[in-house]
Amino acid sequence: MIVAGVGFRRGVEADELVTLVRRACDHAALVPDRLARLATLEALAGEPGFREAARRLAVEPTAVGAAALRDAAPAVQTASVRSLTAHGVGSVAEAAALGGAGLGAELVLARITSPCATCALARRAS
């Protein structure tokens with residue numbers, strides 16, 4: 001199972017998220033059809049751009065709670081001061097991807113960025 005984790009500013013457009021996720025899949029040499037979920041922080045999961053991006057990508061929108069983010073923190077590869085200060089993890093996208101994929105997940109692609117969003121990919125074997 002492949003999960004795209006995203007972090008973004010409120011009000012982000014679905015087009016930006018979809019384009020970023022597809023670019024992440026290209027970087028990782030993955031077909032976007034292999035995605036199972038689009039994951040983000042619980043606080044952002046209700047954003048219209050996020051919900052619409054998940055619909056367009058035909059994946060399950062997934063809200064990742066604070067505990068799952070903290071559990072994923074040791075496997076996060078990026079260390080953004082802003083993300084650490086605001087959310088306690090070096091990368092929301094990486095932690096959301098790992099947390100959304102569940103126990104035993106590993107990063108397939110570290111965080112990449114667009115003007116208003118970040119995206120990372122994680123895989124869980126099974």
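The following dialogue considers an aromatic pair, two loop residues and a pocket in a predicted model.

Biologist: How many aromatic pairs does a search of the whole structure find?

Modeller: The search finds 1 aromatic pair. An angle between ring planes under 30 degrees counts as stacked. The ring centres of Phe-8 and Phe-50 lie 6.1 Å apart and the planes meet at 15°, so this pair is stacked.

Biologist: Which parts of the chain does the pair link?

Modeller: The pair joins distant parts of the chain, for Phe-8 belongs to strand β1 (residues 2-8) and Phe-50 to helix α2 (residues 48-57), 42 residues apart.

Biologist: Is Phe-8 buried or exposed?

Modeller: Phe-8 is buried, as is Phe-50.

Biologist: Where does Glu-47 lie, and how should its environment be read?

Modeller: Glu-47 is in the loop between β2 (35-41) and α2. A residue under 20% relative accessible area is termed buried. The value for Glu-47 is 14%, so this residue is buried.

Biologist: Which residues does Glu-47 touch, not counting those up to four places away in sequence?

Modeller: With those excluded, Glu-47 touches Phe-8, Arg-10 and Gly-11. Phe-8 is also a member of the stacked pair. At Gly-11, the backbone nitrogen lies 3.0 Å from a polar atom of the Glu-47 side chain. As for Ala-58, its C-alpha is 17 Å from that of Glu-47, with the two residues 11 apart in sequence.

Biologist: Is Ser-91 buried or exposed?

Modeller: The relative accessible area of Ser-91 is 1%, so by the cut-off used for Glu-47 this residue is buried. Ser-91 occupies the loop between α4 (81-87) and α5.

Biologist: What surrounds Ser-91?

Modeller: Leaving aside neighbours within four places in sequence, Ser-91 is in contact with Val-76, Thr-78, Ser-83 and Arg-111. In addition, a polar atom of the Ser-91 side chain lies 3.4 Å from the backbone nitrogen of Ala-93.

Biologist: What is the volume of the second largest pocket, and which elements give two or more residues to its lining?

Modeller: The volume of the second largest pocket is about 190 Å³. The elements that supply two or more lining residues are α3 (66-72) and α5 (92-101). The largest share, 3 residues, is from α3.

Biologist: How does the lining divide by residue character?

Modeller: The lining of the second largest pocket comprises 7 nonpolar, 3 polar and 1 charged residues. Among the lining residues are Asp-71, Pro-74, Leu-98, Gly-102 and Leu-103. Glycine counts as polar in this division, and Asp-71 counts as charged.

Technical notes: Residues are numbered from 1 along each chain as its sequence is written. This is a predicted model: local features need pLDDT of at least 70, side-chain atom pairs count only at pLDDT 80 or more; totals for chains, interfaces and linings use all residues. Side-chain values use heavy atoms; hydrogens and water are left out. Rings of Phe, Tyr and Trp (its six-membered ring) pair if their centres lie within 6.5 Å; planes under 30 degrees apart count as stacked, over 60 as edge-to-face and the rest as tilted. Helices (H or I, at least four residues) and strands (E, at least two) are DSSP runs, numbered from the N terminus. Buried means under 20% relative accessible area, exposed over 50%, partly exposed in between (1.4 Å probe, protein chains only). On a 1 Å grid over the protein atoms alone, a cavity is a set of points where a 1.4 Å probe fits but cannot get out, and a pocket is an open set with protein on both sides within 12 Å along at least five of seven lines; lining residues have an atom within 4 Å of a point. Grid points are joined across faces, edges and corners, and a volume is the space filled by probe spheres set on the points. Contact means heavy atoms within 4.5 Å. A polar contact is a pair of N or O atoms within 3.5 Å; within protein, one must be able to donate a hydrogen and the other to accept it, and residues adjacent in sequence count only if both atoms are side-chain atoms.
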